[in-house]
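Please look through the sequence and the structure below before reading on. The paragraphs that follow move from the recorded annotation to a pair of helices, then to the ligands, and finally to a single residue.

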Amino acid sequence: MTTTTLIPPSKRKLWLAAIKPPMYSVAIIPITVGTAAAFSETKLFDLKIFLTFLLSAILIIAWLNISNDVFDSETGIDKNKAHSIVNLTGNKSLMFWLANLFLALGILGIFLIAWWQQDLTVLGIIFLCCALGYSYQGPPFRLGYQGLGEIICFFTFGPMAISAAYYSQTQQFSLSSLIPGTIIGISTSIILFCSHFHQVEDDMAAGKRSPIVRLGTKLGSQVLTGSTILIFVLTLVFALLGTISLWSLLIFLSFPVAYQLVNHVRQYHDQPEKVSNSKFIAVNLHFLSGILLALGLILPRLL
Ligand SMILES: C/C(=C\COP(=O)(O)OP(=O)(O)O)CCC[C@H](C)CCC[C@H](C)CCCC(C)C
Ligand SMILES: O=C(O)C1=CC(=O)c2ccccc2C1=O
């Protein structure tokens, strides 16, 4: 007879899970794609602005994630989450101020861009993104608890972040940048959507009506399939219409990862331990499809 002993994850693993390094691609991709869209339409590229925006976006995501654990510690939803940064440090107020420091530094970087441009537009858009990010998790709004996170995520990481990155390079807006904005908005919302599948029990207990609590895991897996297909259909349609370059079809090289994601969630949607890694397959899809889309925008200008 064999006995199975459950070994608790090491402290190092818990810290890595709390910091979530792969998740920082949600900062890198919209800034890269927005900058690529600007280059593809205007041939303008300012490295200093690009790097400053990138660093600021990373700092803002650090604020978002640390403050998420701080606010979730107040509702009890994270009581079983060993990799909550608040549970790991046992110091909620230190984490709250660390998060605020990251936010202030991130906004300072965006302020520098506004200063260099003598134009407050980018600062205004990113400030609004942060306010919406706060409304997702912070009191008294906690809109994520009503299942509104994916909508906020779509607009902030999609059209808003990509228009801001576009504007930071060109000081103008572009209607056609809304196409990559929409594609990246969908792939980012897919990450958030996947993060709910394994948390149904804890979410229900804390009164959080996430989309998966509302739809159930099976219907949720079908919505995921539809949204993932939409990424490729939208790119195909707009590339064939000539609104974006045919090179954008490079995004189809990420199709195997999309297939892996959809297949995995359809198979394991109601098995929390197995579906819990779907969030990171979604991160891989978001990163790969985003880089390919950026390449598809830049290449025709370079060749
Ligand atoms: C923190 C987020 C999700 C975690 O949610 P949850 O509490 O369910 O997760 P845990 O189970 O791990 O506790 C992401 C929420 C995203 C939010 C809806 C929108 C944020 C907007 C950003 C501030 C925009 C930044 C743009 C940037 C590229 C400059
Ligand atoms: O911890 C998470 O689950 C997420 C963190 C995060 O920053 C993010 C950003 C954009 C979309 C989804 C997510 C997460 O799911």
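The UniProt record, an unreviewed entry, assigns "transmembrane region" to residues 22-40, 47-66, 94-113, 120-137, 143-166, 178-198, 229-259 and 280-299. The coordinates themselves come from a predicted model, and two of these spans can be followed in it. Across residues 120-137 the chain is 94% helix and 0% strand, with 26 Å between the C-alpha atoms at its ends. For residues 143-166 the helix content is 75%, again with 0% strand, and the end C-alpha atoms are 28 Å apart.

Two helices that pack against each other can be described by the angle between their axes and by the distance between those axes. For α7 and α8 that angle is about 145° and the axes are 7 Å apart, and the crossing of the two helices is right-handed. On the α7 side, the residues that meet α8 include G149, E150, C153, F154 and F155, together with F157, G158, P159, I162 and S163. Their partners in α8 include L178, P180, G181, T182, I184 and G185, as well as I186, T188, S189, L192 and F193. Sorted by class, this contact of α7 with α8 is made of twelve nonpolar, eight polar and one charged residues.

The helix α7 also takes part in the surroundings of both ligands, as the next two descriptions show. Ligand 1 is surrounded by 24 residues, of which N68, C129, G133, Y136 and T156 are the closest. Two or more residues of this shell come from each of α2 (25-42), α3, α6 (121-137) and α7. By class, the shell around ligand 1 holds 15 nonpolar, eight polar and one charged residues.

Around ligand 2 there are 13 residues, and those that come nearest are M23, V26, I191, L192 and S195. L192, named here, is also one of the α8 residues in the contact with α7. At least two residues of the shell around ligand 2 are supplied by each of α3 (47-75), α7 (149-170) and α8 (178-194). Its composition is eight nonpolar, three polar and two charged residues.

A last stop is E201, which lies in helix α9, residues 200-205. Is E201 buried or exposed? E201 counts as exposed because it has 11 C-beta neighbours inside 10 Å, and the cut-off for that class is 12 or fewer. From C-alpha to C-alpha, E201 and A104 are 35 Å apart in space, while 97 residues separate them in sequence.

Conventions: Residues numbered from 1 in each chain as written. Chains lettered and ligands numbered in written order. Predicted model: local features only at pLDDT ≥ 70, side-chain atom pairs only at ≥ 80, totals over all residues. Near = placed C-beta within 6 Å. Helix = DSSP H or I, 4+ residues; strand = E, 2+ residues; numbered from the N terminus. Nonpolar A, V, L, I, M, F, W, Y, C, P; charged D, E, K, R; others polar. Buried ≥ 20, exposed ≤ 12 C-beta atoms within 10 Å, placed from the backbone. UniProt positions renumbered as here; feature names shortened; annotations may be inferred. Axes fitted to C-alpha atoms, helices over the stretch in contact; angles between N-to-C directions. Left-handed = near helix turned anticlockwise from the far one by under 90°. Contact = placed C-beta atoms within 7 Å.
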